[in-house]
Structures are given as C-alpha cells and as structure tokens.
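Work through the exercises below with the model open beside you. Try each task before you read its solution.

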Amino acid sequence: MAVATLAASTWTAAAEQPRSAAAANTPRTDFDHDGKADIAIGAPGGTVGGGAGAGYVSVVYGDGATATFSQNTAGVPGAAEANDKFGQTVVPVDLDGDSYTDLVVGTPGERIGQVQAGMLTVLWGGPDGLGAATAVDTGAKGGGSVGLMVTAGDFDGDGRPGLALRGPSWSVRFLNGIDRDGKVAKDSLYPLYNDEGPASPRDLSSGDVNGDGITDLVVTVTDDEEGDSWRSALYLGGKAGLTRVGILTATNGKRLNGQHTAVGDLNHDGYGDIVVGHGEEWDSDSGRPEIKGDAVGVAYGGPRGLSDTLAPVWVNQDSAGVPGVSEPGDGMGAGLAVADADGDGYADVLAGVPGEDFDGLVDAGAVLFLKGGPQGLTGKGARVFSQNSAGVPGVAEKDDAFGESAALGGRLVVGDPDENAGNGSVWALSLTGNSAAYSPGSFGDPATKAGFGDAVAGG
C-alpha cells in the first residue's frame, strides 16, 4: 500500500496560542473567510492536458461550492506537463495577513530545462475563495524537488508566517516575507546534523512547542529504509534562528521514532505536543521495542521545548479504550493529523490505519479518532471509522487502504489515493453526522491514476 509522504501543517496566528473551546470552533482553513471550514485535496497523479501525472488540486468550500486548479488554469503560473506532480503537497496558511487563508501548492516534479527543480505556487484567498496565483521565487538554489515537503509558521518571531521546506545538501530551507509578486524577502538555509552526522529531512511539521508564540520545527530523518532508523528532532524557533533541542526519545531511552509528525496542544497546558505516527512495523532484531500494528507516540511540550514532568507515551489498538486489536500490517499512524475537532479546547489526533482488516476484508482500512484531554493522549473516548461505519459513504472493500492520508478540523478528512485502482477518494466525516465523500468525478476531473487524496488539508 502507498503511504502518504507528508502530514502538512496549517498555520494561523490563532493556532500558535493556547486554544479555548471558542477558538477551536474558528476554522483554520477558510479561503473565503466566511466562517466555514474549507478542504483542499491534492491529486498529483492527475492527467491534465494529456500529461499523465501533471497533477491538480480540488477545493471544497464550506458552503458546498467546488473548484479545481492546475497549471493549465487561467492565471496559475506554469504549464501542466507530465509528471509535474502539482498538488503533491497542499499547505493552508495566511501568508499576507489579510484573514483569508492562502494555499501553498508543491509541484516537486516541475522541470527547468533538464533539472527537476520543483516549484511552489501560492493560490491566494479572497472573498470569492482561491483565485489569483503566484509562483514563489525559489531561485536556483532549491536543491531539486522543491515542494516535496513543506510546512508553515513564524519561525523567526517577526509576526509573519513563512515556509520551511527541504533544502539542498542536508538542510532545511526557510522562505520568509513572501509577497503577492512571489518575491521572497529572506531565503536562508539551516544545516541539519544529528547524532550520526549530516541528515536530509524526510518529513517536516511545525507548531509552538515551548509556548513562546514563535513556531518551532520538527524534522524527521532516516539513514535507510529500516523501520527503526527513523528519528525526529525538535528545533526551537527564535529571533536569532533555530536552536536544536534533540531527538525525541521514549522513557526507556529508545527513540520515539516514526515516519510522520504533527503538533497540537493535547492537554491544553499552553505547550504544543509532538505526535509521532509510526505506520511501519518495527524490526525486533534491531533491539527496539516491537509495536505490533504500529502506533502513535506523544512527546509533550514544555517551557524548554520538551516537558520535564510528562513522560512520552505510545498509543495503539491494544491500549485501553482504543477500538480494535493491533495486528501486523495495520499501519496505524500512516495518515496523521492533529487539531481540536470537537471544540473542547484539547487537540485531538486522527490516525489512519490503512492496513486494518475487518468483516473478512484484508487491508480495507480505517481511521482512529483519539481525543485529547487533561491527561493528554489516552484511549478514553476513542472512536473508529471505516467505510462500513454508519453514515460513512461507500462500502469497504479488500485493499481499499482507507486512511492513508488525514487532515483534521471541525471534520475528519480521510484520504485514500489508492481507492478505485489508484484514482483516489476523500471523505469528510462529521463527529455528529452529515458526512460526505468526494472523488475526481465530483469535480468533473480526470480520474485515471490521479492519486486523488494523496495530500489533504483543512476540514
């Protein structure tokens, strides 16, 4: 099964502060600023203008209106070409501070001459939703495949969000002060070094972990494809630049390792907590603790970056209160998102379990909704959703792999880019009813091998 490569982060000024129940009900992705949450769906494999894999992005507005954007859309920079992968990443963020959420779209396959340079495009929000578009000036030092992984935040504390992305030669690249003409006020590189030498990022996420109002960065790296080699490190943002705190570890001194991370305040103490999704089985021969069926882990935040008093935890389907039973190949945490979905002031976790078997169906897939609370992340109040759940459109089938990607807002957004032989589908699930499903046909878009839902954002 395919695994989503990035859990993209949504940044707004409100998201950086301890959140009240009222604030939690304010949409963090609202392209037209109508008070209703919007959803962005990347289909990087979509065929546009005859070019397979050119890619497109579909948008569902809170009032039900829809739109699709590609590099063949009037006003969008570039031209749709085979394997551009427009929509590989979708990151909502209000870049210009006008209260309309903008959408940063990654196109890592964009070629300049013979070089796969990649590209970032901003679709600017406004009263009518997303419209005007700008190519971000990433210059010649992008290092290739710009847009493969992107997260947003105010990493330098200047009051304006910027972007962090994978840079060349074992570095993270920061773009600050992006204007509507695509010019970047500050373009800088931060070299990455860990306990074992230089490292290239495989995943990026962001949030305020130490509660100082400045965005911090979580970088995940790996040396090889072995499950236990993944490791995530916290870097605190600040006016003087990043400060490395160190690799996340569990209470036994082993790495709190996984493929994806996301940040949110699970226990509502004013500090963002780092959630780690480990959607691949651990190799017990490596000496790491084996977690059958995979899991999500939490490293709690504190004033120095990581809490001195709250121990990291692992939660899986064998944890008390969590529906189901952990089984090899479940892939829990392959899709991962963190936000306050129920408006109680505590961030929650949505974890995909694309390898979940049930009703005699192999790898039909499911998602777990794990509630935050005063004790942080526990199994209390956990719920499970699949295509066989009441109110969820569709019917679960073998190898559906429901839950490969995830986003979380007032709704649970579940992506399955492998649905229908790789065409893909997305669901917007409500905790109280009125769920909906979307496919390329919902927008009149090309479906064949589109990978619709490979990236999702909003809710």
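**Exercise 1. Which residue in strand 34 stands opposite Ala 40? Then trace the sheet around that pair.**

Step 1. This is a predicted model. In it, Ala 40 faces Ala 457 of strand 34.

Step 2. Strand 1 and strand 34 run antiparallel and are joined by four bridges.

Step 3. Now turn to strand 2. There, Val 59 is the bridge partner of Ala 40. Strand 1 pairs with strand 2 over five bridges, again in the antiparallel sense.

Step 4. Go on to strand 3. Strand 2 (residues 56–60) pairs with strand 3 over four bridges, antiparallel. Val 60 has Thr 66 of strand 3 as its bridge partner.

Step 5. Put the strands together. They make an open sheet of four strands with antiparallel pairing, in the order 3-2-1-34. The edges are strand 3 (66–69) and strand 34 (455–458). Each has a single partner strand, so one side of each lacks a neighbour in the sheet. From one strand to the next, the twist averages 15 degrees.

**Exercise 2. Is strand 1 mostly covered or uncovered? Check each face.**

Step 1. Count the buried residues. Five of the five residues in strand 1 are buried, so the strand is mostly covered, with buried meaning under 20% relative accessible area.

Step 2. Recall the rule for side chains. In a regular strand they alternate between the two faces of the sheet.

Step 3. Sort the residues by side. Ile 39, Ile 41 and Ala 43 lie on one side of strand 1, and Ala 40 and Gly 42 on the other. All of them are buried, and both faces are covered.

**Exercise 3. What is the strand order in the open sheet that holds strands 20, 21, 22 and 25? Describe its edges and one pairing.**

Step 1. The order is 20-21-22-25, and the pairing is antiparallel.

Step 2. Strand 20 (260–264) and strand 25 (313–315) are the edge strands. Each of these pairs on one side only.

Step 3. Look at the angle. Neighbouring strands in this sheet are turned by 25 degrees against each other on average, with direction ignored.

Step 4. Pick a pairing. Five bridges link strand 21 (residues 273–278) to strand 22 (residues 295–299) in the antiparallel sense. Gly 277 has Val 296 of strand 22 as its bridge partner.

**Exercise 4. Where do His 33 and Lys 85 lie, and what is the sign of phi in each?**

Step 1. Start with the background. Most residues other than glycine have a negative phi.

Step 2. Find His 33. It sits in the loop between helix 1 (21–24) and strand 1 (39–43). The phi of His 33 is positive, near 55 degrees.

Step 3. Find Lys 85. It belongs to the loop between strand 3 and strand 4 (89–93). The phi of Lys 85 is also positive, about 65 degrees.

Step 4. Classify their exposure. His 33 has 46% relative accessibility, so it counts as partly exposed. Lys 85 has a relative accessible area of 28% and is partly exposed as well.

**Exercise 5. Are the loop residues Asn 210 and Gly 125 buried or exposed? List what they touch.**

Step 1. Asn 210 lies in the loop between strand 16 (201–207) and strand 17 (216–221). Its relative accessibility is 11%, so Asn 210 is buried.

Step 2. Set aside neighbours within four places in sequence. Asn 210 then contacts Asp 216, Leu 236, Tyr 271, Gly 302, Pro 303 and Gly 305.

Step 3. Gly 125 is placed in the loop between strand 8 (119–123) and strand 9 (133–135). At 6% relative accessibility, Gly 125 is buried too.

Step 4. With the same neighbours set aside, the contacts of Gly 125 include Phe 31, Asp 98, Tyr 100 and Arg 180. The C-alpha atoms of Gly 125 and Leu 95 are 9.7 Å apart, with the two positions 30 residues apart along the chain.

**Exercise 6. What is the mean pLDDT of the chain? Find two stretches to read with care.**

Step 1. The mean is 88, and 87% of the residues reach 70 or more.

Step 2. Residues 1–25 have pLDDT below 50, with 75 contacts beyond near neighbours in sequence. Residues 284–289 are also below 50, and this stretch has eleven such contacts.

Step 3. Draw the conclusion. Where pLDDT is low, the predicted coordinates should not be read in detail.

Key. Residues numbered from 1 in each chain as written. Predicted model: local features only at pLDDT ≥ 70, side-chain atom pairs only at ≥ 80, totals over all residues. Heavy atoms only, no water. Pairing = 2+ DSSP bridges. Helix = DSSP H or I, 4+ residues; strand = E, 2+ residues; numbered from the N terminus. Axes fitted to C-alpha atoms, helices over the stretch in contact; angles between N-to-C directions. pLDDT = per-residue confidence, 0-100. Contact = heavy atoms within 4.5 Å. Buried < 20%, exposed > 50% of the residue type's maximum accessible area, 1.4 Å probe, protein only.
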